[in-house]
Amino acid sequence: MIEVVLNDRLGKKVRVKCNDDDTIGDLKKLVAAQTGTRADKIRIQKWYNVYKDHITLKDYEIHDGMGLELYYS
């Protein structure tokens with residue numbers, strides 16, 4: 001189990017517990033459950049790298065306590 005911190009830069013930080021073999025799409029669903037927005041309206045990125053839905057957190061080397069950027073589209 002790892003914990004990922006997502007910051008939307010509008011004053012909201014979301015902490016999500018997930019497994020490292022979950023996909024980015026699974027992470028979006030967990031974030032959507034906490035924030036109340038739809039999962040297809042969420043974009044997760046780090047700097048200029050926009051993460052794709054079908055790739056796992058382990059493949060992106062996302063570790064425990066890592067911070068990611070959360071955008072709404």
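The exercises below work through the confidence, the sheet and the salt bridges of a predicted model.

Residues are numbered from 1 along each chain as its sequence is written, and side-chain values use heavy atoms, with hydrogens and water left out. Because the model is predicted, local features need a pLDDT of at least 70 and side-chain atom pairs count only at pLDDT 80 or more, whereas totals for chains, interfaces and linings use all residues.

**Exercise 1. State what the record places at residues 2–73, and describe the chain there and its confidence.**

Step 1. The unreviewed UniProt entry places the feature "domain: Ubiquitin-like" at residues 2–73; UniProt positions are given in the numbering used here, feature names are shortened, and annotations may be inferred rather than shown by experiment.

Step 2. Over residues 2–73 the chain is 17% helix and 35% strand, with the end C-alpha atoms 26 Å apart. Helices (H or I, at least four residues) and strands (E, at least two) are DSSP runs, numbered from the N terminus.

Step 3. The average pLDDT, which is the predictor's confidence in each residue from 0 to 100, is 93 for the protein chain, and 100% of the residues score at least 70. Among the elements, the lowest mean pLDDT, 92, belongs to strand 4 (residues 49–50), and the highest, 95, to strand 1 (residues 2–7).

**Exercise 2. Derive the strand order of the sheet and place helix 1 against it.**

Step 1. Two strands pair if DSSP finds at least two bridges between them. Strand 1 and strand 2 are antiparallel and pair over six bridges, while strand 1 and strand 5 run parallel and are joined by three bridges. Strand 3 (residues 42–46) is joined to strand 5 by four bridges, in the antiparallel sense.

Step 2. Individual positions illustrate these pairings: Leu-6 stands opposite Leu-68 in strand 5, and Ile-42 has Tyr-72 in strand 5 as its bridge partner.

Step 3. The five strands form an open sheet with mixed pairing, in the order 2-1-5-3-4. Strand 2 and strand 4 are the edge strands, each pairing on one side only.

Step 4. Helix 1 packs on the sheet, where it touches strand 1, strand 2, strand 3 and strand 5, and its direction makes about 130° with that of strand 2. Contact here means heavy atoms within 4.5 Å; axes are lines fitted to C-alpha atoms, for helices over the stretch in contact, and angles run from 0 to 180 degrees between N-to-C directions.

**Exercise 3. Find how many salt bridges there are, and trace the network that includes Glu-3.**

Step 1. Side chains of opposite charge can pair when their charged atoms come close. With a salt bridge defined as a side-chain nitrogen of Lys or Arg within 4 Å of a carboxyl oxygen of Asp or Glu, the count comes to five.

Step 2. One of them joins Arg-15 and Glu-3, whose closest N and O atoms are 3.3 Å apart. This pair links distant parts of the chain, 12 residues apart, with Arg-15 in strand 2 (residues 13–18) and Glu-3 in strand 1.

Step 3. Glu-3 also meets Lys-17 in a salt bridge at 4.0 Å, N to O, and this pair is 14 residues apart. Lys-17 in strand 2 is the residue that Glu-3 stands opposite.

Step 4. Accessibility classes are buried under 20% relative accessible area, exposed over 50%, and partly exposed in between (1.4 Å probe, protein chains only). Glu-3 is therefore partly exposed, at 22%, and Lys-17 is exposed, at 54%.

Step 5. Asp-53 forms a salt bridge with Lys-28, at 2.8 Å between the closest N and O atoms. Asp-53 lies in the loop between strand 4 and strand 5 (67–72), and Lys-28 in helix 1 (residues 24–35), 25 residues apart. Asp-53 counts as partly exposed because its relative accessibility is 40%, whereas Lys-28, at 10%, counts as buried.

Step 6. Shared partners join Glu-3, Arg-15 and Lys-17 into one network of salt bridges.
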